[in-house]
Amino acid sequence: MTSEHNPAVVESPPRRILLGPGPSMVHPRVYEAISRPLVGHLDPQFLELMTQMQQRLRDVFCTENQLTIAVSGTGSAGMEAAFVNLVEPGDEVLVCVNGVFGNRMSDIVGRIGGTLHRIDRPWGEVFDPQEVEEALDRSPEIRIVAIVHAETSTGACQPLVEIGRICRERDCLLVVDAVTSLAGIELRVDDWLIDVCYSATQKCLSCPPGLAPLTFGPRAVERLARRRTKVISWYLDLAMIQEYWTERQRTYHHTAPISMNYALHEALALVLEEGLKPRYERHRLHSRALIAGLEELGFEPAAQEGHRLPVLNAVWVPDGIDEAQVRRRLLDHYSIEIGGGLGELAGKVWRVGLMGESASRDNVHALLTSLGELLTSDSDAARATAALDAARAVYVS
Ligand SMILES: *Cc1c(COP(=O)(O)O)cnc(C)c1O
């Protein structure tokens, strides 16, 4: 029987340990929330949930921004919503590219008809604020700067504080992709002078994919009001979407994905109950243990030292390992998913996500144990033990 005709394949998916670049694992309370009875998208109960959720989103983004919502669609919808609303044909936009997602932002800016200025860094490295400053000095007509906080394709973490100040001084709007950073590493939208920030549900928020948290600060809202042309996307036009999210207006635009909103509302409660600081600390701890173990097995971190993401651990695959085959065995025999390389890093790195619910001692232990079994033979079984010992040493220190 082919899998196409085997109902078990779709009706009972396996319980994976999800340690890839997203989606991450989902808490039972979020599964419970998503299966709650449906109500209408204008039901007073649902409107109340939206209001609560907006406040939770503000708390997690560390912002007071009124326009803070969940866009229908995945992280890329959040990205597209940011650009279609801010950029009009001919507007000059600086995009900082050091991986797949900076490339995607450039692509979107070009499609809208924005004039693209782009600076590049080798994949795995981060930008020095001075490079942004110099690019803006070269082209003073640039009004929007876009950068990725956590580059999921390389595992690099971009420092943002200085860049926020530079943009503010030059009256540029700063757009930040926080798809992989939100609720996993520190991100302070207001303090860091970020004007627009978007994320996704299925990374460190540990929710199924389907919504894109998005926040627009006062300067970005002002830009919306001053547009000369209509937003080219009807579905993502924030001026209209906002009327649905604003209390006392609640004008129908498109049907909200009700069940996904239940799920995100609950996932945000879990984040806030844990507390942002303890949550960031938990991600750092498990990442340190994982890396200590992986190093014993011959995997070295791939991103620039001092700028490595705890939530997405990119490591070089040592010579002699058939990386695709080992990943397949991890999935088939141990039910563990990890990520391969994207773009120019395909076949060269592994990307091990420790996002949200996935960031646990059990999962670090399961991965190191499985890799020890897959990668060592009887003659060097001591390496497998050394990997577990190295991880344990991090936990007990
Ligand atoms: C995953 C990701 C996206 C795209 O999100 P989708 O949910 O896959 O649409 C954008 N930016 C970054 C940094 C990501 O990691």
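This section describes the domains, sheets, ligand surroundings and selected loop residues of a predicted model.

Because the model is predicted, local features are reported at pLDDT of at least 70 and side-chain atom pairs at pLDDT 80 or more, whereas totals for chains, interfaces and linings use all residues. Residues are numbered from 1 along each chain as its sequence is written, and side-chain values use heavy atoms, with hydrogens and water left out.

The protein chain is divided into domain 1 (3-22 + 275-396) and domain 2 (28-272), with bounds taken from an automatic or database domain assignment. The C-alpha centres of domain 1 and domain 2 are 28 Å apart. To the contact between them, domain 1 contributes 25 residues and domain 2 contributes 30 residues, contact meaning heavy atoms within 4.5 Å.

Secondary structure elements are DSSP runs numbered from the N terminus, with helices (H or I) of at least four residues and strands (E) of at least two. Two strands are taken to pair if DSSP finds at least two bridges between them. An open sheet of 7 strands follows the order S2-S10-S9-S8-S5-S3-S4, and its pairing is mixed. Strand S2 (67-72) and strand S4 (115-120) are at the edges with a single partner strand each, so one side of each has no neighbour in the sheet. From one strand to the next, the twist averages 20°, angles running from 0 to 180 degrees between N-to-C directions of axes, which are lines fitted to C-alpha atoms, for helices over the stretch in contact.

Within this sheet, strand S8 (residues 173-177) pairs with strand S9 (residues 196-198) in the parallel sense over 3 bridges, and Asp177 stands opposite Tyr198 in S9. Helix H3 (residues 44-61) lies across S2, S9 and strand S10 (211-216), and runs at about 105° to S2. Helix H5 (residues 100-112) also packs on the sheet, where it touches strand S3 (92-97), S4, strand S5 (144-148), S8 and S9; the direction of H5 makes about 160° with that of S3.

An open sheet of 5 strands, again with mixed pairing, has the order S1-S13-S14-S12-S11. The edges are occupied by strand S1 (17-19) and strand S11 (300-301), each with a single partner strand, so one side of each is left without a neighbour in the sheet. S11 is joined by 2 bridges to strand S12 (residues 312-316), and the two run antiparallel; the bridge partner of Pro301 in S12 is Val315. Helix H12 (residues 323-334) packs on the sheet and touches strand S13 (336-340) and strand S14 (349-353), with its direction at about 160° to that of S13.

The ligand has 14 residues around it, of which Thr74, Ser76, Thr152, Asp177 and Lys203 come nearest; a residue is counted as near if one of its heavy atoms lies within 4 Å. Several polar contacts (pairs of N or O atoms within 3.5 Å) involve ligand oxygen atoms. An N or O atom in the side chain of Thr74 is 2.6 Å from an oxygen atom of the ligand, and a polar side-chain atom of Lys203 lies 2.7 Å from a ligand oxygen atom. A polar backbone atom of Gly75 is 2.9 Å from an oxygen atom of the ligand. On its own the ligand has 380 Å² of accessible area, of which the protein covers 89%, as computed by the Shrake-Rupley method with a 1.4 Å probe.

Three loop residues were also examined. Pro23 is placed in the loop between S1 and H2, and a cis peptide bond with omega of about 5° joins Gly22 to Pro23. His27 is found in the loop between S1 and helix H2 (28-34). Leaving aside neighbours within four places in sequence, His27 is in contact with Ser206, Leu270 and Glu357. Ala183, in the loop between S8 and S9, has a phi near 70°, a positive value in a residue other than glycine.

Terms used:
A polar contact is a pair of N or O atoms within 3.5 Å; within protein, one must be able to donate a hydrogen and the other to accept it, and residues adjacent in sequence count only if both atoms are side-chain atoms.
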